[in-house]
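Grab a pencil and try these short exercises on pockets. Each one comes with a worked solution.

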Amino acid sequence: MHEKTDTSAGAVRRFAGAAAGVGLAALLAGYPAPGRAEGFVRADGPRIVDGNGRPVILRGVGLGGWMLQEGYMLGLTGPGMQHAIRRRIVDLIGEQDTQAFYTAWLDNYVAKDDIDALAAWGFNSVRLPMHYRLYTLSVAEEPVAGRQTWLEDGFRRTDELIAWAKANGLYVILDLHAAPGGQGNDLNISDRDASQPSLWDDPANRDKTVALWRELARRYRDEPAVAGYDLINEPNWGFNDAQDKHGCKETGNAPLRELLVRISAAIREVDTRHMLIVEGNCWGNNYRGVLDAGLWDRNLTLSFHKYWNGTGRDSIAEHLALRERWNVPLWLGETGENSNDWFARTVATVEGEGIGWANWPVKKLRYNNPLQVIANPGYERVLAYWEGKGPRPQRAQAREALMTLAQRDVRFEHNVRHPDVADAWLRAPHEDRSVPFKPHRIARGGGEVAAADFDMGRNGVAYFDTNAANESGKPNADWNPSQLYRNDGVDLVRSGGEVRVAAMQRGEWLKYSIEVEAAGTYALTWRGGAGTLRNRVNGDALAPVATDRPQRATLLRGRNTLIVEAVSGTPELAALRIEPVAGDAR
């Protein structure tokens, strides 16, 4: 579903230093965090509040890829269902080693270090996408038809996550991402096997879904760190018209409402306090008919999902109308897979309406996330084989590659941190200013600033690019085709072992915050491809100058702001060289 990302180790590992150097927590310290919420989170009219009645804005991250894999997160462009991925792994290394791979994956993909980092950056919640197979057997596997077998592995891992979250003052939202049988025709998101009865085809699958939620509620009914139960992720099913595969034209949605009401009643048999979160058809967004007979619970929140569309208030008008009509809260339960500018504008809009959100996902081999997994070279060869671009690896080679991925590569300490992504979710939505992407300190003898290290912030604040986000209505990355180094709408390219700003168009510009040790006159030279630029130093515009030609400018001691704008040509910028004019720096 998403464009392939450049995951070459050289570029992203160089970026790890930038993440460490910036100190993301320090960057975000200026934005006031909400007071620590207390007690059970609940719906109160159109708001989500804590136990003391204070509004709660959930600023979260979805832990996608952990309990439920999707192919694109692993670099695959073919079948993306987890059971299909598992078959590919079995084909390479056998059943026993495949089981060892999945155990290691669950042990390492999300751990306490990940949760500690998310909290330190400023997120206050995590959404746990659960695969039902970690908690119970499938209907076909049950030794006694109609009875439910509970598997402790899923509950144990959920318990651990809740403990990690509580240690950081975070909330957890339990999300049934893969329901028994699968809840839609988008097969990847629920690991659905289209050759088997779906959730909607088989009453036994619905019975198991209801029973699973009753058991989850029984176990977590006394846990206020659980903010709510997200009952069924992204239903997408044509109940009245099989040609309407994802239910986007559905007007009745009667089977969806019926199941949501059944699940809610089962939960309320054992748990009367937790907030229930429901999602419409059409990937969570089609509520037509779902509420027509009225609300069935007093503690209900409506979730919607948002991808690849506009970011203004009009883009959520239909959901706001639901809130007004039914006097219930909204929660943007899943959004992301876009540029930093799109993230910031989306958050500014929804938080302006008092709506919380959860970014999707926390990490993957590809881009757009706070964390990025860098796969070992052996896995890249496995992936090439799966994609039909390389030879089949030997079993021992494949096992080593896959186990290294699951035991090492996915772990937090080996992930690349992307401070620009976290900044886009947490600080940039609320400030019309930029902050340094990494420190630029110019000593008395001069120095160099990489062109790709421009400030962090929204389009028009930290930079200006004519194509800064994807609002096309479909997944693509034409706002930055390389998907390289950082997640802004500025085209980047690898050239000669370095990351460059590519093909700037007339009127596009970049901003840099620079710390200068000594005031004085300096020669500024942009190293790069042919084109004409205009430098603006501390607000003062200089005459246009060609790349690779020095231009004198006065810099102050301490903080200076430099903006470079493309005037003509399509300059490709590598770095700015700043050299003192002899005898002038002081």
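**Exercise 1.** How do the residues of the lining of the second largest pocket divide into nonpolar, polar and charged?

*Solution.* Before counting, note that this is a predicted model, where local features need pLDDT of at least 70 and side-chain atom pairs pLDDT 80 or more, while totals for chains, interfaces and linings use all residues. Residues are numbered from 1 along each chain as its sequence is written, and side-chain values use heavy atoms, with hydrogens and water left out.

Step 1: sort by class. Ala, Val, Leu, Ile, Met, Phe, Trp, Tyr, Cys and Pro are nonpolar, Asp, Glu, Lys and Arg are charged, and the others, Gly among them, are polar.

Step 2: read off the split, which is 10 nonpolar, 8 polar and 6 charged.

**Exercise 2.** What is the volume of the second largest pocket?

*Solution.* Step 1: the volume is about 530 Å³. (A pocket is an open set of points on a 1 Å grid over the protein atoms alone where a 1.4 Å probe fits, with protein on both sides within 12 Å along at least five of seven lines; lining residues have an atom within 4 Å of a point. Volume is the space filled by probe spheres set on the points, joined across faces, edges and corners.)

Step 2: find the middle. Of 24 lining residues, Glu234, Trp283, Asn285, Tyr307 and Trp308 are closest to the centre.

**Exercise 3.** Which element gives the most to the lining of the largest pocket?

*Solution.* Step 1: look at α3 (82–108) and α5 (152–167), which each supply at least two lining residues. (Helices, H or I of at least four residues, are DSSP runs numbered from the N terminus.)

Step 2: pick α3, with 10 residues.
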